[in-house]
Amino acid sequence: MLRRPPRGLTRGPRPPPGARSAVTAVPLAHAEVGVRGTRPPLVLLHGLFGNHGNFQTVAKALVQRGGGQVLTVDARNHGSSPHSPLMTFEAMSLDVQHLLAHLGIPKCILVGHSMGGKTAMVLALQRPDLVERLISVDISPTPTTLISEFSAYVAAMKSVIIPAGLSRSAARQLADTQLSSVVQHPQVRQFLLTNLVELEGRYVWRVNLDAISHHMEDIMSFPVFHKPYPGPALFLGGSNSPYISSADYPEIQRLFPKADVRFIEGAGHIVHQDKFEEFVTAVLSFLPPP
């Protein structure tokens, strides 16, 4: 069951015009599967435009086959988590830290895909005491601007116009048609359309497109760190994806000296969707006993 943030905390504070936003955590919506055991809970962090449901089937499979507890989380400005004008990895890391404290989790195992992988890496580098080990799914601690089409996706989503009174299926079909000139892959459009929701008789995007657009450079880059994360790490990429390449290996080794880099054959960027069984097997083989 999805645990939503308390009422009254659905929007973060807006900074005054011209002021730099202070980093304040927001209460993250999340779902829990399984029962906490001797192994630290797994915390699964989705990518940009995603939500906790992207990992829900994975979470259930990990608990069924490996025991323990798994949490799936909605990042700020995504899913049912609060909106905030701030969308930096420092802020997203702080959100997860506060969630761990709220749930009484002293140490966890982080599994993050794409943007969620960067959040997981930042948290591990900032607070290694909270992270027993780390799995970064198809993302490295390097800038991804040159290979990302996300800015175009945001612009296309902002341009969608849906008249009131349409059924959900008609609204999705209209939005799909309007997105198709920019987002040419049907699979990607269907993924983006999971964010189209009805609110008081009109259709809106539940992701905070303004915050994402404003911080796109932050999301596509990676903060500077000098002290490495000392724990085990796995970089699990898709063989058909450009997001982890041999050019990234020196930076991976510098920041995560105990890292192992593996690729799942035939998988693209959404590794856990393209090769579900292989992904679950790879994650389980990296975990300590429950």
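Start by selecting Leu134, and you'll find it standing opposite Ala233 in strand 9. Keep in mind as you click around that this is a predicted model.

**Stop 1: strand 6 and its neighbours**

Now widen the selection to strand 6, residues 131-137. On one side, strand 6 and strand 9 (residues 233-238) pair in the parallel sense over 4 bridges. Strand 6 also pairs with strand 5 (residues 108-113), again in the parallel sense, this time over 6 bridges. Zoom in on that second pairing and pick Leu110: its bridge partner in strand 6 is Leu134, the residue you began with.

Is strand 6 mostly covered or mostly open? Mostly covered: 6 of its 7 residues are buried.

Next, colour strand 5, helix 3 and strand 6 together. You're looking at a right-handed β-α-β unit.

**Stop 2: helix 2 against helix 3**

Keep helix 3 (residues 115-126) on screen and add helix 2 (residues 89-103). Their axes come within 9 Å and cross at roughly 75 degrees. Since an angle of 65 to 115 degrees counts as roughly perpendicular, that's the word for how helix 2 sits relative to helix 3.

Show the side chains where they touch. From helix 2, pick Phe89, Glu90, Met92, Ser93, Val96 and Gln97; they meet Met115, Lys118, Thr119, Val122, Leu123 and Gln126 in helix 3. Sorted by class, this contact has 6 nonpolar, 4 polar and 2 charged residues.

**Stop 3: Val111**

Go back to strand 5 and select Val111. With 1% relative accessibility, Val111 counts as buried. What does Val111 touch, if you skip residues up to four places away in sequence? The list is Leu42, Val43, Leu44, Leu45, Ile135, Val137 and Phe279. For a jump along the chain, draw a distance from Val111 to Leu287: they're 176 residues apart in the chain, yet their C-alpha atoms are separated by 11 Å.

**Stop 4: helix 1 and what covers it**

Select helix 1, residues 56-66. Its buried residues are Gln56, Val58, Ala59, Ala61, Leu62, Val63 and Gly66. Here's a handy rule for looking at any α-helix: there are 3.6 residues a turn, so residues three or four places apart point the same way.

To see what covers those buried residues, switch on strand 2 (30-34), strand 3 (42-45), strand 4, helix 10 (271-274) and helix 11 (276-286), which are among the covering elements. Then step just past the end of helix 1 to Gly67, where phi is positive, near 70 degrees.

**Stop 5: Val271**

Hop over to helix 10 and click Val271. Val271 counts as buried, at 0% relative accessibility. Leaving aside neighbours within four places in sequence, its contacts are Val137, Asp138, Leu236, Gly237, Gly238, Ile264, Phe276 and Phe279. Try Ser241 as well: it lies 30 residues from Val271 along the chain, with 9.0 Å between the C-alpha atoms.

**Stop 6: two unusual phi angles**

Most residues other than glycine have a negative phi. Two exceptions to look up are Asn77, with phi near 65 degrees, and Glu200, with phi near 55 degrees.

Where do you find them? Asn77 is in the loop between strand 4 (69-73) and helix 2, while Glu200 is in the loop between strand 7 (196-199) and strand 8 (202-205). Which of these words fits each one, buried or exposed? Asn77 is buried, with a relative accessible area of 0%, whereas Glu200 counts as exposed at 78% relative accessibility.

Notes: Residues are numbered from 1 along each chain as its sequence is written. This is a predicted model: local features need pLDDT of at least 70, side-chain atom pairs count only at pLDDT 80 or more; totals for chains, interfaces and linings use all residues. Side-chain values use heavy atoms; hydrogens and water are left out. Axes are lines fitted to C-alpha atoms, for helices over the stretch in contact, and angles run from 0 to 180 degrees between N-to-C directions. Helices (H or I, at least four residues) and strands (E, at least two) are DSSP runs, numbered from the N terminus. Angles under 35 degrees count as roughly parallel, over 145 as roughly antiparallel, 65 to 115 as roughly perpendicular and the rest as oblique. Contact means heavy atoms within 4.5 Å. Ala, Val, Leu, Ile, Met, Phe, Trp, Tyr, Cys and Pro count as nonpolar, Asp, Glu, Lys and Arg as charged, and the others, Gly among them, as polar. Buried means under 20% relative accessible area, exposed over 50%, partly exposed in between (1.4 Å probe, protein chains only). Two strands pair if DSSP finds at least two bridges between them. A crossover is right-handed if, with the strands pointing away from the viewer, the path from the first strand over the helix to the second runs clockwise.
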